[in-house]
Amino acid sequence: MKALRQSAAFGLVLSLVLAALASCDNTYGFYKTIQEEKATVKDSTFYRTSVRDLVPFDGSYYSPLVAIYARTLASGTAQGWAAVSIPVYLTDYTTYGMAATSTTLYAALQSGHQASTDRAIFSLAQGGTAWTRMADFDGVDVKALYSVNDTLFAVRATSTTVGTTSTTSYGLWYLSGSTYVQTSLPESSGLFIRGAYFNGEYWFAAQVTSTDTTSTIWHASDPTASWTALPSPPSSLVTCLTATLQTSAVDKLAMGCKDGSVYLMGTDLLLPTTGTLATLDATYSVTALIALPAGSKTILVAGSNALYGATAAGYRESDISTGSPGSFVLGDVSTASLATTSSYDSSLISMPISRFVYDAANKSLFACASASDTTYSGLWSNAYDGSTWGGWTSE
Amino acid sequence: MKPSTAATVALMLLFGPALSLSASDGIATSADTPAMATGKASTIEIGDQTIGLAIGLHLPLFIFDKDLTVTGANTNPGASFSLTYQYYLSHGFALGGTFAGAFNTTIGDRNLFVAPLSLRAAYTWVFGSIELGLDVEAGAYLMKLDSNFFMGPFAKAGASAYWRVMNAWSIGIETAYWFIPEIHTGDYISFTRYGNALEVGIAAAYHL
C-alpha cells in the first residue's frame, strides 16, 4: 500500500513537471522582451483614456479627447500635451469631429455646459493662432469631420421625433468655399465612416437603413457629382476604408468589415472572390486600416476590436507588396514589422484601436486606442527611419 | 523526513503562531519560555532541523546575454518569499531545500513571477544567541511573464543573521543573490539571457 502511494505521488510529481515543461515556450525570449520594453508613462495626458483620432497640422499634433489636446512636433514624444482653448468655450467643450486640409484645421464643437445646444465648427488657419467660429453650420449637430483629398466633409445629424420615438439620420456635406453643401447621397441611418480617395474618386460607406446587413459604398469623382453605388459591396458592414496608393505602387482600396474580413479592391472595382480575401479571426471586427511602408514591403495594418467575449484586440499586419492580401499576423510575432514582441506586448496588445494616423512628412505613426481597461496610455507613436519601425512609445 | 516530523511541519505551517505560544506544551521538542529581552544561547546538534520563512524585497539588478553584454533589468522592485527546510549533518553544516517566489512588474507594466525550487547547503556559526549563516542553492525555476511560461536552472547564494529568541524560534534578516539563466536552444539560442536579482528580507526559523 505504501509503495502504491509512493508510486502515485511520484507519478503526480512527474506529471506536474511534464505539464510545466510542455507549457514552456522556447520561442519567446522573456528577459529579451523585458530588455526591449519602454516604460509606461503613467502621468500621460492619455493614461487610461479612449483616444479616437489624431490630426497632424502645421507643425503640431491635435487629438480630441473631450476637449482637444495638442503638442508641437518640436516638443517631442509624450511632452507638452495641453488642452486647446477655444474662444468663449475656453476648454469647456466637447469635440465631435476634427479634420485638416492643407491650409486649415477644423473642429466640430459643442459648449460643455450641460444640455447646451451651442454648437459650431471652429477653424484654425495655417500659421495662425486664433480659432475662428464659422458662420455656416452654426448650431448644427455635426457628428464627424473628415478630410478626403483636401476636401472637408461633415456628417450632419438630423433628429426626428414622432410621438415618443426619436430617429436620427445622417447626411454627408462638404465645404465649398465657406459654405457647407449637401452631397447627393441619401440620408443614412448609420454614420458615414471616414472616406478615402482612390482611383481618382471619393469613396464613402454607410449603413443606409437600420435593417441593412451590409453597407452601401458610394464613389464619385467630385463631391458635387452624382454618386454611384458599388454594385457588389462586402457581405458585412464596412467599418473602415483606406487607399493604399500613398505608400507604394500597390493601388487598392482596402475595406475592413465588422465580421473581421478585409477586402482589397483594385481599380477594376471588382471585389475579390471569397477565396482570395484575407480574414482576421471572425471574433474580431476590423476597426482601423492603414497601408504603410516597411523597408521594401508595403504592409496593411488592421486594428481590431474583440467581439463575442474575446479578450484581446490590438492589431495585425499583412504584407500586400504584391497587391494581394497575404495572411494577417498578430503584431507580436517575430516577423511583424511595426514593433518587436515586447513593444507590442507592453503597449497595444489588448486595446481596441480606433484609428491609425501616419504623418508621412515626419515619418511618425500614431495609434489611437482605448486604454480604459488597461494601465497604459491610449495614444502611442512609432517612428520610421525609412527602413524599419522603432516600436511603440507612449504619448 | 520521518512521519512525526512531517506532521510537525504541516502543523507548524498551519498553526505557526499558535505553536509559538504553546511551544512549552511539548509540541516542540524543547521550547522554553520566551526570552525576548536577552535571547537564548544557541546550540546546534547533529540531526537538528529548522524550517524558515522569509519575506522581503526582491530587487532585480541587471540582465546579461551570452556575449556578457549587460543591460538594466527594466523591472521594478517587488516582493519575495521563501520557505526553507534544512537538516544539520554536523554542528554547523546543513543540507535542505527551498521553495521561493518573487513577484515583480516590468517597466512596461507586465507581471513577472519567478518560483524556484532548489537544494540547499548551509553553514551556521553560533555566537551566543546570534546565528550567522552562509548558504548556496541550486535547482530549477518556473517563470511566468503575463501568459508565457518558462523553466530553467537556478542558483542562489546568501547570508543570514538570526537571533535565537527562544529554543524553538530565531528571527533575523537575510539576503541572497539570485542567478536566473534563461537558456534557449536551436533557432532561438539568441534569446538566451541571464537574470540577476537581490533578495533582502526578514526571516523566522523554527527549530524542530
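Here is a walk through a predicted model, starting with chain B and then moving on to chain A.

Let's begin with the overall make-up of chain B. You'll find one helix and nine strands there, and if you follow the chain from its N terminus, the helix comes before the strands, in the order α-β-β-β-β-β-β-β-β-β. Chain B has 208 residues, and 46% of them count as buried. Now look at its contacts between residues at least 6 apart in sequence: 59% of these join residues at least 24 apart. As for the outside, the accessible surface of chain B comes to about 9,800 Å², and carbon and sulfur atoms account for 69% of that.

Stay on the surface of chain B for a moment, where there is a nonpolar patch of about 880 Å². Its members include B:Y87, B:F93, B:Y123, B:W125 and B:L132. Three strands of chain B, β4 (93–105), β5 (111–127) and β6 (130–145), each supply at least two residues of the patch. Take B:L132 as an example: it sits in strand β6 of chain B. Is B:L132 buried or partly exposed? Its relative accessibility is 34%, so B:L132 counts as partly exposed.

Now over to chain A, and to the inside. The largest nonpolar core has 23 residues, and the ones touching the most other members are A:Y315, A:L338, A:L348, A:F356 and A:W392. Several strands of chain A each bring at least two residues to this core: β21 (284–294), β22 (297–306), β25 (353–359), β26 (364–369), β27 (379–384) and β28 (389–394). The biggest giver is β21(A), with four residues. To get a feel for the packing, pick out A:F356. Setting aside neighbours within four places in sequence, A:F356 is in contact with A:Y315 and A:W392, and also with A:A288, A:I290, A:V301, A:A302, A:G303, A:L365, A:F366 and A:A367. Apart from this core lies another one, made of 19 residues, among them A:A67, A:V84, A:L105 and A:L124.

Chain A also has some open sheets to trace. One has four strands in the order β13-β14-β15-β16, with antiparallel pairing. Which strands stand at its edges? They are β13 (196–198) and β16 (228–229) of chain A; each has a single partner strand, so one side of each is left without a neighbour in the sheet. Three bridges join β13(A) to strand β14 (residues 201–206) of chain A in the antiparallel sense, and A:F198 stands opposite A:E201 in β14(A).

Another open sheet of chain A has four strands too, ordered β17-β18-β19-β20 and paired antiparallel. Here the edge places go to β17 (238–243) and β20 (278–279) of chain A, and because each has a single partner strand, one side of each is left without a neighbour in the sheet. Strand β19 (residues 261–265) of chain A pairs with β20(A) over two bridges, in the antiparallel sense. There, A:V262 has A:A278 as its bridge partner in β20(A).

Finally, a look at two backbone oddities. Most residues other than glycine have a negative phi. A:D58, though not a glycine, has a positive phi of about 50°. You'll find A:D58 in the loop between β1 (55–57) and β2 (60–64) of chain A, partly exposed with a relative accessible area of 40%. A:L90 is another residue other than glycine with a positive phi, near 55°. A:L90 belongs to the loop between β4 (82–83) and β5 (93–100) of chain A, and at 52% relative accessibility A:L90 counts as exposed.

Conventions. Residues numbered from 1 in each chain as written. Chains lettered and ligands numbered in written order. Predicted model: local features only at pLDDT ≥ 70, side-chain atom pairs only at ≥ 80, totals over all residues. Heavy atoms only, no water. Pairing = 2+ DSSP bridges. Patch = residues over 30% accessible without salt bridge, like charges linked within 9 Å, V, L, I, M, F, W, Y side chains within 5 Å. Areas by Shrake-Rupley, 256 points an atom, 1.4 Å probe, with all protein chains shown as cover. Salt bridge = Lys/Arg side-chain N within 4 Å of Asp/Glu carboxyl O. Buried < 20%, exposed > 50% of the residue type's maximum accessible area, 1.4 Å probe, protein only. Core = buried A, V, L, I, M, F, W, Y, C linked by side-chain atoms within 4.5 Å. Contact = heavy atoms within 4.5 Å.
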